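Colleague: Could you take a close look at the backbone and its aromatic surroundings in this model? I would appreciate one connected account, moving from the loops to the rings and the surface.

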Amino acid sequence: MAAKKPHLELARDMSLMHVTMIGVGAMIGAGIFVLTGLAAGIAGPALILVFALNGFVTSLTAMSYAELGSCFPEAGGGYLWVKEALPQPNGFLSGWISWFAHAVACSLYAVAFGAFAVDLFHIGGVDLAKVIPSALGYEPHVMAAKLIAVIIVMLFIYINFRGAKETGQAESFITMVKIIVIALFIGFGLYAMFFGNLAEPWQGHFRGFFQKGASGIIIAMGLTFIAFEGYEIIAQCGEEVKDPKKNIPRSIFLSLLIAVPIYLLVAFVALGAVTPEGGQSTWQYLGARGELAMMEAAEHFMMGKVGRIIFLIGGLFSTMSALNATIYSSSRVSFAMGRDHNLPGIFAKIHAKKRTPHMAVFISGILIVFMAVSLPIEDIASATDAMFLLLFVFVNLAVINLRKNRPDLDRGFKVPLFPFIPILAAVLNLSLAAFLFFYRPLGVWVCIGYILLGIFIFYFYARKKEFTAKADPIIHAEQPLIQQEPRDFHILVPLANEKTADQLQRFAVRMAKAYDADITLLHIIHVPPQLPPSEGRKYLDSARTLLSKAINYAEDEGVPVFSQVKVTHNIPKAIIETCTEKKIDLMVLGWEGRIKAHNRVFGTTLDAIVQNTVCDITLLCRPPARDIEISRVIVPVSNIKYALLSLKTAAALVKDKSTQIVLFHATYHDDLEAVKKKYKDELQKYAKEIDPKRYQLIIKKTHRMEDAIFEEAQNHALIIMGAPEEGLVRRALFGDIPVNIAQRIDAPLILTKRYDGNVKSWFQKFFGSRKTMLELEIQNKA
């Protein structure tokens with residue numbers, strides 16, 4: 001019998017809108033706050049042309065990213081593509097450069113954050129330059145900015161070490177703050193230009209458009225290129241994007257269509273609405289103020305000091321967002337290189353408790369702090385842009401190689417006018433990087449030295465380690481899956497650990513025999529938000545070990561069984577997604593019987609699954625032991641319609657016709673015979689689905705429903721009852737009877753929830769159970 005491997009895939013959670021906003025958030029980031037003034041001083045009034053040309057150049061490389069991202073939708077992006085397409089040391093160097101590019105970009109954002117913070121303190125009456133002395137050749141105010149930069153980097157290193165998902169939840173808020181601040185800047189600026197009382201006509205600010213010459217334009221393009229490369233993050237999210245073949249190219253181009261016009265408007269307003277005193281031209285005024293130029297511009301036409309403070313706050317939020325993203329990206333790349341044996345194994349270590357690549361985070365943090373302290377902000381910006389431009393050269397060469405050598409790849413998008421566009425993009429990127437040498441040679445020399453160090457490391461360390469690692473094959477002991485065709489009824493069993501796997505699978509097998517069903521075993525590898533999803537692959541061996549025992553048992557019982565492993569940031573979403581994909585009819589879950597979260601029914605994770613899954617569900621809370629015969633079963637009901645799954649489950653578990661299945665109902669009505677007749681009639685209505693003769697009716701009068709069920713259940717070997725169906729108002733008055741029973745009784749208990757196929761109305765959702773985190777996430781993405 002041939003062995004089959006459990007299928008491993010990542011849960012695809014990101015819609016087109018979601019991944020596009022990630023790209024937009026990354027592009028409209030700290031670069032526009034930090035580099036606009038510096039670029040104005042280099043290019044003069046042609047700053048607008050700089051942004052327009054950069055939009056054109058980056059769109060050429062974006063086409064290469066779109067093609068490769070559509071046929072290689074995996075986490076890792078450019079590093080993995082180059083490694084696949086080009087011979088070594090190109091793959092190593094692309095990862096080496098990507099790590100340094102993200103780290104030095106983080107240094108740029110940290111120093112900018114420090115400069116913004118110093119300026120904000122100064123407005124508030126606290127002059128840090130008088131408190132902090134000059135050092136390392138820097139003026140006191142620059143040293144203060146660098147000290148704050150070190151503190152903020154250390155803070156975000158700690159956050160990334162912890163893997164706190166709150167940082168990811170804050171990204172949407174920060175993106176909105178950035179967009180609102182920039183929108184205010186553009187709006188006030190346009191009003192000042194066309195309806196305000198400027199000291200001189202704004203058209204005069206653009207005289208001598210090309211006075212800085214072609215070299216000034218090209219150098220400014222290289223300096224500001226980092227503001228146009230945010231779409232790279234879209235490709236790094238490839239494993240989590242829905243329909244990546246179509247959505248990755250679309251999201252890349254949509255993010256450019258949104259960001260580039262915003263950049264053009266910002267440049268137009270910054271040059272047109274600012275009227276400096278003393279006859280100084282606007283571009284000279286902005287260039288002289290460097291990274292604080294945009295704050296100075298905001299003070300001119302955006303409510304004075306209030307406008308400056310608003311823009312400073314926007315800059316602080318923006319740089320913090322970029323800090324978090326670049327620390328995460330740099331640690332991810334170095335972690336991947338450590339896992340691939342291109343860097344020492346310390347980079348690939350995962351923290352036992354946090355499950356984050358803590359050593360990669362800390363080492364990247366050391367590199368970030370060193371660059372932030374040792375170089376002026378202009379050299380940091382120059383080094384950042386040069387490294388990203390070189391990385392893009394590699395990517396354009398990779399798309400040419402793969403088109404030629406891998407024509408079989410399923411491409412959702414193809415670069416037009418091939419190979420001319422990727423060749424042109426590579427030449428332009430390399431040219432921009434070279435021209436940065438004429439702006440800040442030190443930054444470029446740092447890049448050259450870093451690349452030479454990388455070449456040395458590759459030939460004297462990485463190449464040997466990678467060869468040795470590939471020479472030792474990893475062997476996984478696989479269990480053969482039963483060779484039978486799928487049945488018409490499908491059961492899903494999510495297995496989390498060995499403690500519950502045996503009970504869940506034995507119950508599922510009994511149900512499968514009763515329904516003539518097949519079983520799909522699912523194991524979820526949960527990866528924290530700060531860890532790349534692809535890291536979950538290292539836990540595949542333990543997943544296979546867990547699944548193998550359950551597979552063996554189903555095979556021995558003659559039940560068709562399939563297995564699947566998914567890696568995800570969102571456990572409920574992955575399980576619900578599997579139910580839909582596999583057209584599951586019944587899902588078997590385990591529940592400990594304790595509520596771990598406030599205002600939840602079963603707990604945060606189970607609530608999300610139970611409320612959103614489109615199939616029947618059984619929750620095993622203390623299932624009967626395998627060596628105990630079930631002598632008597634009780635099924636408490638309030639409505640036969642909602643108890644059908646409980647009644648079917650009882651009949652499936654109890655094969656002995658002599659075993660009693662008691663249908664118990666507690667009521668406050670006096671005429672018990674009338675109530676009994678009503679339930680008998682209801683049982684007959686469902687005679688096609690159940691056998692009414694199997695169930696013994698017991699009706700009891702009481703005003704204390706829960707106590708009556710508890711007392712009756714004491715005399716039974718197994719209790720099967722429906723999960724809470726009541727809305728919020730009813731539950732507030734009467735409580736969750738099934739959940740309360742589960743916590744009071746020690747007897748074996750199974751809870752069921754039948755899927756009736758109805759979509760809840762807005763009224764039912766509002767007055768029904770509390771919205772789960774999953775529902776909120778789905779709504780936010782919509």
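Modeller: In this predicted model, the loop that separates helix H19 (498-515) from strand S3 (517-526) contains Asp 516. The phi of Asp 516 is near 55°, a positive value although the residue is not glycine. Most residues other than glycine have a negative phi, and most peptide bonds are trans. Asp 516 has a relative accessibility of 48% and is therefore classed as partly exposed, since the exposed class begins only over 50%.

A second positive phi occurs at Leu 417, where the angle is near 50°. Leu 417 belongs to the loop between H16 and H17. Its relative accessible area is 64%, so Leu 417 is exposed.

The loop between helix H16 (377-405) and helix H17 (420-435) also holds Pro 419. The peptide bond joining Phe 418 to Pro 419 is cis, with omega about 0°. The ring of Phe 418 has the charged end of Arg 403 over it, 4.1 Å from the ring centre.

The aromatic residues can be taken next. A pair of aromatic rings is described by the distance of the centres and the angle of the planes. The model contains 27 aromatic pairs. One of them, Phe 435 with Phe 438, is tilted, with the centres 5.8 Å apart and 55° between the planes. Phe 435 is partly exposed at 27% relative accessible area, whereas Phe 438 reaches 62% and therefore counts as exposed.

Phe 458 and Tyr 459 form an edge-to-face pair, 5.0 Å from centre to centre and with planes at 80°. Here Phe 458 is buried, with a relative accessible area of 2%, while Tyr 459, at 33%, is partly exposed. Both residues belong to one aromatic cluster, together with Phe 92, Trp 96, Trp 99, Phe 100, Phe 347 and Tyr 450.

Tyr 459 leads on to the surface. A nonpolar surface patch includes Tyr 459 along with Phe 437, Phe 438, Trp 445, Ile 448, Leu 452, Leu 453, Ile 455, Phe 456 and Phe 460. Together these residues present about 1,000 Å² of accessible area. Phe 438, the exposed partner in the tilted pair, is thus also a member of this patch. Phe 458 could not qualify, because patch members need over 30% relative accessible area and Phe 458 has 2%. Leu 453, another patch member, lies in helix H18 (residues 441-471) and is partly exposed at 42% relative accessibility.

Technical notes: Residues numbered from 1 in each chain as written. Predicted model: local features only at pLDDT ≥ 70, side-chain atom pairs only at ≥ 80, totals over all residues. Heavy atoms only, no water. Patch = residues over 30% accessible without salt bridge, like charges linked within 9 Å, V, L, I, M, F, W, Y side chains within 5 Å. Areas by Shrake-Rupley, 256 points an atom, 1.4 Å probe, with all protein chains shown as cover. Salt bridge = Lys/Arg side-chain N within 4 Å of Asp/Glu carboxyl O. Helix = DSSP H or I, 4+ residues; strand = E, 2+ residues; numbered from the N terminus. Buried < 20%, exposed > 50% of the residue type's maximum accessible area, 1.4 Å probe, protein only. Phe/Tyr/Trp six-rings, centres within 6.5 Å; stacked < 30°, edge-to-face > 60°. Lys NZ or Arg CZ within 6 Å of the ring centre and 35° of its normal.
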